[in-house]
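Student: I have a model open beside its sequence, and I would like to learn how to read its features one at a time. Could you take me through some of them?

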Amino acid sequence: REFLRAINQFAATLTEMFLSNSSFELQLWNNYFHLAVAFLTQDSLQLENFSQAKRNSILDKYGDMRAMIGASIRDMWYNLGHHKIEFIPGMVGPILEMTLVPELELRKSTIPIFFDMMLCEYQLTQSFSRFEDELLRRLDSEVEGGRGDEQYKQLFESILISCCRRHPELAKPGENFVALVTGLLERLLDYRAVMNDENKTYSMSCTVNLL
């Protein structure tokens, strides 16, 4: 809780003193995002890994601090304004790691950051290839590391499709991108599920699909 209070103090100071064009400090903002994501993803806050009694005790006393810091990270991202492009693709991986935390409200509030990254890059270059390449690269290692599930795939698809359809210039390329990511995610999850399966035929089939 003390760390959360300190991180929020850092956020307020960054917004107040290091955001304008004349005082913007890229490294400070970068440090903030990495610190906040590291806080959010630490083992001691992953309530789903605890017994129901311990989980209830923590929630009663502290609430779910992941949702609190996730909302702060989201707000700080949107505060960046035209500076956002300086964090693409560097922040794609940390944001992905955050959205993969299995907490529904956190996922709903932070997955839209991906669309904002797409839109930001597209408005400058007429494509979002840097964002896309980095997300696909990082998704592979994150799912192999045990993160991601069916709920995530469904949320990613529904949220980003909805965002893309509100922007005509991104509707088609955005839907193609979402289809690509959800297809990859589905195959990665299948592959992970059968890695230790004794049914070699099914395991080989998942490997071929993934390739």
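Tutor: We will go through burial, backbone geometry, aromatic pairs and a record annotation in turn.

Tutor: This is a predicted model, in which local features need pLDDT of at least 70 and side-chain atom pairs count only at pLDDT 80 or more, while totals for chains, interfaces and linings use all residues. Residues are numbered from 1 along each chain as its sequence is written, and side-chain values use heavy atoms, with hydrogens and water left out.

Student: How many residues of helix α5 are buried?

Tutor: Buried means under 20% relative accessible area, exposed over 50% and partly exposed in between, with a 1.4 Å probe and protein chains only. Helices (H or I, at least four residues) and strands (E, at least two) are DSSP runs, numbered from the N terminus. In α5, which spans residues 92–99, 7 of the 8 residues are buried, including Pro94, Leu96 and Met98. The cover over these buried residues includes α2, α4, α6, α7, α8 and α9.

Student: Which peptide bond is cis, and which residue other than glycine has a positive phi?

Tutor: Most residues other than glycine have a negative phi, and most peptide bonds are trans. Here the bond from isoleucine 88 to proline 89 is cis, with omega near 10°, and proline 89 sits in the loop between α4 and α5. Glutamine 126, in the loop between α7 and α8, has a phi near 65°, and its relative accessibility of 54% makes it exposed.

Student: How many aromatic pairs does a search of the whole structure find?

Tutor: Rings of Phe, Tyr and Trp (its six-membered ring) pair if their centres lie within 6.5 Å; planes under 30 degrees apart count as stacked, over 60 as edge-to-face and the rest as tilted. The search finds 12 such pairs. For tryptophan 29 and phenylalanine 33 the centres are 6.3 Å apart and the planes are at 45°, so this pair is tilted. Both residues lie in helix α2, 4 residues apart, about one turn of the helix. Phenylalanine 114 and phenylalanine 156 also form a tilted pair, at 6.0 Å centre to centre and 55° between the planes. That pair links distant parts of the chain, with phenylalanine 114 in α7 and phenylalanine 156 in α9, 42 residues apart.

Student: What does UniProt place at residues 3–159?

Tutor: UniProt positions are given in the numbering used here, feature names are shortened, and annotations may be inferred rather than shown by experiment. The unreviewed UniProt entry places "domain: Dedicator of cytokinesis TPR repeats region" there. In the model, the span is 71% helix and 0% strand, and its end C-alpha atoms lie 31 Å apart.

Conventions: Contact = heavy atoms within 4.5 Å.
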